Amino acid sequence: MRAALFAFCVAALAGPAFAQSAPEISRFSTGQAGAPPAVWEHIPLSHARKVTEYSTVVDDGVVVLKAAARSSASLMGIRTDFDARAFPLLSWRWKVIQGIPGAETQNRAREDAPVRLMVSFSGDTRKLGALDRAAAAVAESISGQPLPYAELMYIWGGRVAVDSITTSSLTSRIRMLAVAADDQGIGRWQNYTRNLVEDYRRAFGEEPGRITAIQLLTDTDNTGGIAEALYGDVSVAPAAR
């Protein structure tokens with residue numbers, strides 16, 4: 001049930017795409033602390049499930065997004081529409097204030113993360129196998145909208161190696177790439193730039209489609225714990241020449 005609800009939220013953010021010549025991702029740093037982040041949407045997993053608290057705060061003189069999860073899970077996301085091959089470089093930063101010692105990325109019953117950055121891709125759903133089609137059908141029956149063709153998550157993993165990829169127990173169309181893990185680096189800002197095309201090819205063994213949504217998630221609904229983290233601005237750019 002939790003997996004289906006999670007898929008529902010991803011589907012809600014991957015609705016009608018909005019064409020644009022260059023991807024523009026609303027920046028937290030340009031907003032005012034205490035105000036909801038412009039354009040970003042807070043999406044609960046269900047009415048019965050506790051939501052993660054998201055708010056804008058100032059850290060080191062910069063407005064950032066704060067996430068506080070207490071046995072909870074919900075998304076902050078933004079719709080977009082661009083070709084990953086034209087803008088393959090994804091950059092972001094985050095800081096985990098309180099991690100999740102009991103989290104285990106490869107154990108469905110304890111699969112939580114203090115921070116995640118998730119990227120939704122379009123594609124030909126007719127190519128999906130029976131199990132993935134069944135998972136998509138369950139999610140669509142709940143949300144009324146189809147799932148994204150594929151979801152690539154950059155996560156702070158639990159009990160997995162950094163740079164390892166874990167396939168979701170829900171569907172093979174969700175792959176989790178651990179850019180950090182366990183307690184190393186907690187309390188410090190971590191900066192990342194990843195090549196979306198290269199990571200997608202490695203995770204799924206195929207070429208990526210268009211990107212339809214970017215989401216952030218701090219969740220502790222499986223472990224029942226507490227996690228706090230800060231997210232900085234997210235941006236995309238063309239490959240360096």
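Select T105 and the residues around it in this predicted model. Leaving aside neighbours within four places in sequence, T105 is in contact with E111, I155, G157, G158, V160, T166 and M176. One of these contacts can be picked out by atom: the side chain of T105 reaches the backbone nitrogen of G158 at 2.9 Å. T105 itself sits in the loop between β5 (89-98) and β6 (116-121). Is T105 buried or exposed? Its relative accessibility is 4%, under the 20% cut-off, so T105 counts as buried.

Next, select E104 and R159. These two form a salt bridge, with the closest N and O atoms 3.3 Å apart. E104 is in the loop between β5 and β6, and R159 is in the loop between β7 (150-157) and β8 (165-167), so the salt bridge ties together parts that are 55 residues apart in sequence. R159 has a relative accessible area of 56%, which is over 50%, and therefore counts as exposed.

Stay with the loop between β7 and β8 and select D163, then add R202. R202 forms a salt bridge with D163, and the closest N and O atoms are again listed at 3.3 Å. Here the link runs from that loop to helix α3 (residues 196-204), which holds R202; the two residues are 39 residues apart. Both ends are partly exposed: R202 has a relative accessible area of 43%, and D163 has one of 33%.

Now move to R49 and D221. Their side chains meet in a salt bridge at 3.2 Å, N to O. Which parts of the chain does the pair link? R49 lies in the loop between β1 (41-44) and β2 (53-59), and D221 in the loop between β11 (210-219) and β12 (226-231), 172 residues apart. D221 counts as buried because its relative accessibility is 15%, while R49, at 22%, counts as partly exposed.

For a group rather than a pair, select E53, K66, R70 and E228, which are linked in a network of salt bridges. The whole structure has 18 salt bridges.

Finish with the nonpolar core. In soluble globular proteins, nonpolar side chains tend to be buried together. The largest nonpolar core in this model has 51 residues, and those touching the most other members are L90, W92, W94, L117, F121 and Y154. Centre the view on W92. Not counting residues up to four places away in sequence, W92 touches L117, Y154, V179, Q190, N191, Y192, R194, D233 and V234.

How values were computed: Residues are numbered from 1 along each chain as its sequence is written. This is a predicted model: local features need pLDDT of at least 70, side-chain atom pairs count only at pLDDT 80 or more; totals for chains, interfaces and linings use all residues. Side-chain values use heavy atoms; hydrogens and water are left out. A nonpolar core is a set of buried Ala, Val, Leu, Ile, Met, Phe, Trp, Tyr and Cys residues joined through side-chain atoms within 4.5 Å. Buried means under 20% relative accessible area, exposed over 50%, partly exposed in between (1.4 Å probe, protein chains only). Contact means heavy atoms within 4.5 Å. Helices (H or I, at least four residues) and strands (E, at least two) are DSSP runs, numbered from the N terminus. A polar contact is a pair of N or O atoms within 3.5 Å; within protein, one must be able to donate a hydrogen and the other to accept it, and residues adjacent in sequence count only if both atoms are side-chain atoms. A salt bridge is a side-chain nitrogen of Lys or Arg within 4 Å of a carboxyl oxygen of Asp or Glu.
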